[in-house]
Amino acid sequence: MAETDPQRLAEAVRDAMWRNDRASQGMGMQVLAIGPGTATLQMSVQDRMLNGHDICHGGFVTTLADSAFAFACNAYNEVTVASGFDVNLVAAARLGDVLTATASEVHRAGRTGVYDIDVRNQRGERVAAFRGRSYTLKGRHVVDPSTLA
């Protein structure tokens, strides 16, 4: 596994995670890009995502950001989970908006990491700023390393 290209590894992890990610699939998300410590996901705001103010419920925006966070922090093929996150909803998303969440690694050392996820609409306007904290379960892999050689 040590000789596996980091980009190839991230792509293999993306494929394995996506097969089992019923939440992201069920919300109509797509993984647009993946790399070591990075991920970009996209989702269109659907009618069933609107709250009583006729805007996208903040929980759906947060879930998009959380999914991008998950793909980014697991891209190294070590099972990594969220230990917490903060989210700031800075603008409303509306029916038909296409939201793109871009996750980038801020810091990763030992078992912990920090990731920033920027969520923007199709006009490039920021909808949310999300910061996730991760915890890696050492010795557990998303993809069996022996299949990567």
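Arg14 is partly exposed, with 24% relative accessible area; by that I mean the range between buried, under 20%, and exposed, over 50%, using a 1.4 Å probe and protein chains only. Its salt-bridge partner is Asp15, with the closest N and O atoms 2.9 Å apart. A salt bridge here is a side-chain nitrogen of Lys or Arg within 4 Å of a carboxyl oxygen of Asp or Glu. Asp15 is partly exposed too, at 37%.

A quick word on the setup, friends. This is a predicted model, where local features need pLDDT of at least 70 and side-chain atom pairs count only at pLDDT 80 or more, while totals for chains, interfaces and linings use all residues. Residues are numbered from 1 along each chain as its sequence is written, and side-chain values use heavy atoms, with hydrogens and water left out.

So how many salt bridges turn up across the whole structure? The search finds 9. One of them pairs Asp86 with Arg133, at 3.1 Å between the closest N and O atoms. That pair links distant parts of the chain, 47 residues apart, with Asp86 in strand β3 and Arg133 in strand β6, residues 126-136. Strands are DSSP runs of E, at least two residues, and helices are runs of H or I, at least four, numbered from the N terminus.

Now, please look at Glu78, in the loop between α3 (58-74) and β3 (80-89). Is Glu78 buried or exposed? Buried, at 18% relative accessible area. Beyond neighbours within four places in sequence, Glu78 is in contact (heavy atoms within 4.5 Å) with Cys73, Arg108, Thr136, Lys138 and Arg140.
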